[in-house]
Amino acid sequence: MNTHPYLRAYMAGIAVPTMLLLAIMTAFTIARHVYDVPLPIERVIVFPMAIVPNLFGLWNILYVAMGSGRRLPIGFYGALLPFVLLPIAFTMATFLGFLSFTPTALVWFEILHIPYVFLTIVFPGTVAVYYLIWKYLVGSLNELLGIA
Amino acid sequence: MNHREDEKLKAALKQALPPMADVELGRDLWPQMLRKLGEQAIRVPWWDWTLAALVASSFFFFPKAIPVFLYLF
């Protein structure tokens, strides 16, 4: 099966965040409609629904395009994605109006005050989760599709 | 349906579905099955378990970070 490796890479890349989206949608929906958290869900969901899966797909295409000789281990390669994703996420969230900056904290969804110190936890945490997702989920899908 | 029609139908079925020529397996599949069962699908090293545990515990200690995490996946 040597045809369309980039198409297979894209599909393997988007599969994981698309599946995770079900859990994310459920969490946001419960927060919004059960616990009455004033989340502008239709604006919030754009990023995990449209941008993240496509970025995963494109990132995996890039990984396959690099060729087996020049590739980083897939876990480390995936851990680099938050460095691209986070600036996009923060910019979008600011423009869509559910992230603002105060002198001491980030304010998400107008209710969650996250001190800047917390970013030292959120960012490495995101990198770690991306490392695990890419190593074990995207990596095994790539193997399954014969593009590892 | 009488006896003659029964016989005709039997013959027609036999003609349409000829017996399979070789029904025996070419090789024993059980050793292969045992090997597959013995294989561990994914080996997760201890440092990855540690990393996963650290991330999970960070959700417990900093629940405010959960929506931000969800936003990024």
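In which sense do strand S1 (residues 99-101) and S2 of chain A pair, and over how many bridges? Select both strands: they pair in the antiparallel sense, over three bridges. The model on screen is a predicted one.

**Stop 1: the strands of chain A**

Stay with S1(A) and look at the link to S2(A), a hairpin that runs through three residues. Now pick A:Phe101 and find A:Leu106, its bridge partner in S2(A).

Next, show the side chains of strand S2 (residues 105-108) of chain A, which alternate. A:Leu106 and A:Trp108 point to one face and are buried. A:Ala105 and A:Val107 point to the other face and are not buried.

Add strand S3 (residues 112-115) of chain A to the selection; S2(A) pairs with S3(A) in the antiparallel sense over four bridges. A:Leu106 turns up again here, standing opposite A:Ile114 in S3(A). Three residues lie between S2(A) and S3(A) in their hairpin. Click on A:Phe109 in that turn, where phi is positive at about 55°.

**Stop 2: chain A as a whole**

Zoom out and colour chain A by secondary structure. Six helices and three strands appear, and their order along the sequence is α-α-α-α-α-β-β-β-α. The C-alpha trace spans about 50 × 30 × 25 Å along its principal axes. Chain A has 148 residues, and 32% of them count as buried. Among contacts in chain A with a separation of 6 or more, 71% come from residues 24 or more positions apart.

**Stop 3: helix H1 of chain A**

Select residues 5-33 of chain A, which make up helix H1. Its 29 residues should span 42 Å at 1.5 Å a residue, and the end C-alpha atoms are 42 Å apart, so the two values agree. Follow the helix to A:Leu21, where a kink of about 30° is centred.

Which residues of H1(A) are buried? They are A:Arg8, A:Ala9, A:Tyr10, A:Ala12, A:Gly13, A:Val16, A:Pro17, A:Ile24 and A:Phe28. To see what these buried residues pack against, show helix H2 (41-44), helix H3 (46-65) and helix H6 (119-144) of chain A, along with helix H4 (65-71) of chain B.

**Stop 4: helix H1 of chain B**

Move to residues 3-16 of chain B, helix H1 of that chain. The helix has 14 residues and reaches 20 Å from its first C-alpha to its last, close to the 20 Å expected at 1.5 Å a residue. H1(B) is hardly covered, with a count of zero buried residues.

**Stop 5: where the chains touch**

Show both chains and select the residues in contact: 24 residues from chain A and 16 residues from chain B. On the side of chain A, the elements that give two or more residues are H1, H3, helix H5 (81-95), S3 and H6. H6(A) gives the most, with nine residues. By class, this side of chain A has 21 nonpolar, three polar and no charged residues.

**Stop 6: A:Ala148**

Finish in the segment after H6 of chain A, where A:Ala148 is found. Is A:Ala148 buried or partly exposed? A:Ala148 is partly exposed, because 16 other C-beta atoms lie within 10 Å, while a buried residue needs 20 or more. Leaving aside residues up to four places away in sequence, A:Ala148 touches A:Gly139, A:Asn142 and A:Glu143. Last, select A:Ser68, which is 80 residues from A:Ala148 along the chain; their C-alpha atoms are separated by 8.2 Å.

Conventions. Residues are numbered from 1 along each chain as its sequence is written. Chains are lettered from A and ligands numbered from 1 in the order in which they are written. This is a predicted model: local features need pLDDT of at least 70, side-chain atom pairs count only at pLDDT 80 or more; totals for chains, interfaces and linings use all residues. The expected span of a helix is 1.5 Å times one less than its number of residues. The bend at a residue is the angle between axes fitted to the seven residues ending there and the seven starting there. A residue is buried if 20 or more other C-beta atoms lie within 10 Å of its own, exposed if 12 or fewer, and partly exposed in between; C-beta atoms are placed from the backbone. Two residues are in contact if their C-beta atoms, placed from the backbone, lie within 7 Å. Two strands pair if DSSP finds at least two bridges between them. Ala, Val, Leu, Ile, Met, Phe, Trp, Tyr, Cys and Pro count as nonpolar, Asp, Glu, Lys and Arg as charged, and the others, Gly among them, as polar.
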